[in-house]
Amino acid sequence: MPLKISNQDARLLLLEAMGLCAKVTGPVDVEALSKSLGFVQLDTIRVVERAHDHILWTRHPKYRPHMLPQAFSKKRQLFEHFTHDASLIPMAFFPYWQRRFSQLEEKVGRRYQDLKTLNLAHLLQRIEAEGPLSTHAFDTKVVGQKKMWQRPPHKQGLDYLWYSGKLSTSHRVNFKKFYDLTERVVPFELQQRKISDEAQINWLCEAALNRLVFATEGEIQRFWEAVSLREVKAWTEKNASRLVRVEVEGHDGAVQPCFSFADIEERLNKVGDPSKQLRILNPFDPLIRDRKRLERLFGFYYRIEIFVPEQKRQWGYYVYPILEGARFIGRIEVKADRASGQMQVLHVWMEDGFPLTSGRSAKLEAEINRFKRFAGLDEVCWAV
């Protein structure tokens, strides 16, 4: 009979795997945090702090935004590429990313069918001679009538070379990307390490399931977006002796068949009581990235509304989920007004069954003040 995992235990297992259970102390190790998560999604929007910084700070209270560029562009502990979106990935994982470079080279190559017009050799020659360059170092123009979202040839060429792994992000300045030859960014020994496609698939599936703890084949596939569903199904069949079938209870009592590794019972035995801490999570936090999984396990419906017209938004432009222990209890809209040094609290919405009691209000206020200090602001201004 498949092992049954209660909804409470499922949520606690996932929170522990996502680094949201234990209280973290000691020095900040950005590389270790990134390895535990698998990758950290990048995003340009800075309502309070950018997503990647917020995600790391949520897991270690001593983290500050200057630490990520140090790990990325100074220590070369991370490289930038595309999972489901632009992300920073531990540099140690680079040899297992070769199939992703090939996938995206083919995909982007189809988008830019006439690669000759992009003058790829010229782009590479300039970067080789001049060092890391941003798109602003080039000035090619779109020929003829410009279509919506059409980019000039140099941007298309840099895109293609970056997705295919021939160029890498050297560093960013005010979030502007600078491209360099991959051979000058990635350590030589990692460039030289050749891993078969089968071994890459095995590693990607195993790494995904370890971080998800339990998962359907579709959830394993969506973690990195570097393997197909067909490849995941072949992997689960081939590794049937190493995998355990489990039945995971959702928030509504419905059961979802999943795969896990044989240590699942050991992990279950170590699950402790839920944390009492209240956290304001980023909209791009890995815990809530898979919206269907989030809703199934936590009963929390969440969508980012930044691309929804204002009059059609249910909540707001950039609304943060509120996690208390192992439950999502609400959402909050806050923004940084750096000119005045204020953290502005615009709206608070509580989920049914989670009233804003005096005790919960005190915890929320403490978390907002903590968030304010992380953003380098002076005071909190409540507009609600």
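What is the accessible surface of the protein chain, and what percentage of it belongs to carbon and sulfur atoms? The accessible surface comes to about 18800 Å², and 50% of this area belongs to carbon and sulfur atoms. The model under view is a predicted one.

**The whole chain**

Begin with the full protein chain selected, coloured by secondary structure: 15 helices and 14 strands are present. The radius of gyration is 22 Å, close to the 21 Å given by the globule rule for 384 residues, so the chain is as compact as a globular protein of that length. Aligned along the principal axes, the C-alpha atoms fill a box of roughly 65 × 60 × 45 Å.

Colouring by accessibility is a useful next view, since 51% of the 384 residues count as buried. Among contacts with a separation of 6 or more, 62% are between residues 24 or more positions apart.

For charge, select the lysine, arginine, aspartate and glutamate side chains. The protein chain has 59 positive and 48 negative side chains, and the centres of the two sets lie 3 Å apart.

**Helix α3**

Next, select residues 51–59, which form helix α3. How many of the nine residues of this helix are buried? The count is nine of nine; the run includes Ala51, His52, Asp53 and His54, as well as Trp57 and Arg59.

To see what covers the buried residues of α3, add the surrounding elements to the selection. The cover includes three helices, namely α2 (30–37), α4 (67–74) and α15 (358–374). Strands β2 (40–41), β10 (278–280) and β11 (320–324) also contribute to the cover.

**Aromatic rings**

Now display the aromatic side chains; the structure holds 22 aromatic pairs. Centre the view on phenylalanine 223 and tryptophan 224, whose rings lie 4.9 Å apart, centre to centre, with 85 degrees between the planes, an edge-to-face pair. Phenylalanine 223 counts as buried at 5% relative accessibility, and tryptophan 224 counts as buried at 1%.

A second pair to select is tyrosine 317 with tyrosine 318: the ring centres are 6.4 Å apart and the planes stand at 35 degrees, so this pair is tilted. Are these two tyrosines buried or exposed? Tyrosine 317 is partly exposed, with a relative accessible area of 35%, whereas tyrosine 318 is buried at 2% relative accessibility.

Finally, return to Phe223 and Trp224 and extend the selection to Phe39, Phe93, Tyr96, Trp97 and Trp203. Ring pairs link these residues into a cluster.

Technical notes: Residues numbered from 1 in each chain as written. Predicted model: local features only at pLDDT ≥ 70, side-chain atom pairs only at ≥ 80, totals over all residues. Heavy atoms only, no water. Helix = DSSP H or I, 4+ residues; strand = E, 2+ residues; numbered from the N terminus. Rg over C-alpha atoms; globule rule 2.2 N^0.38 Å. Buried < 20%, exposed > 50% of the residue type's maximum accessible area, 1.4 Å probe, protein only. Contact = heavy atoms within 4.5 Å. Areas by Shrake-Rupley, 256 points an atom, 1.4 Å probe, with all protein chains shown as cover. Charge placed at Lys NZ, Arg CZ, Asp CG, Glu CD. Phe/Tyr/Trp six-rings, centres within 6.5 Å; stacked < 30°, edge-to-face > 60°.
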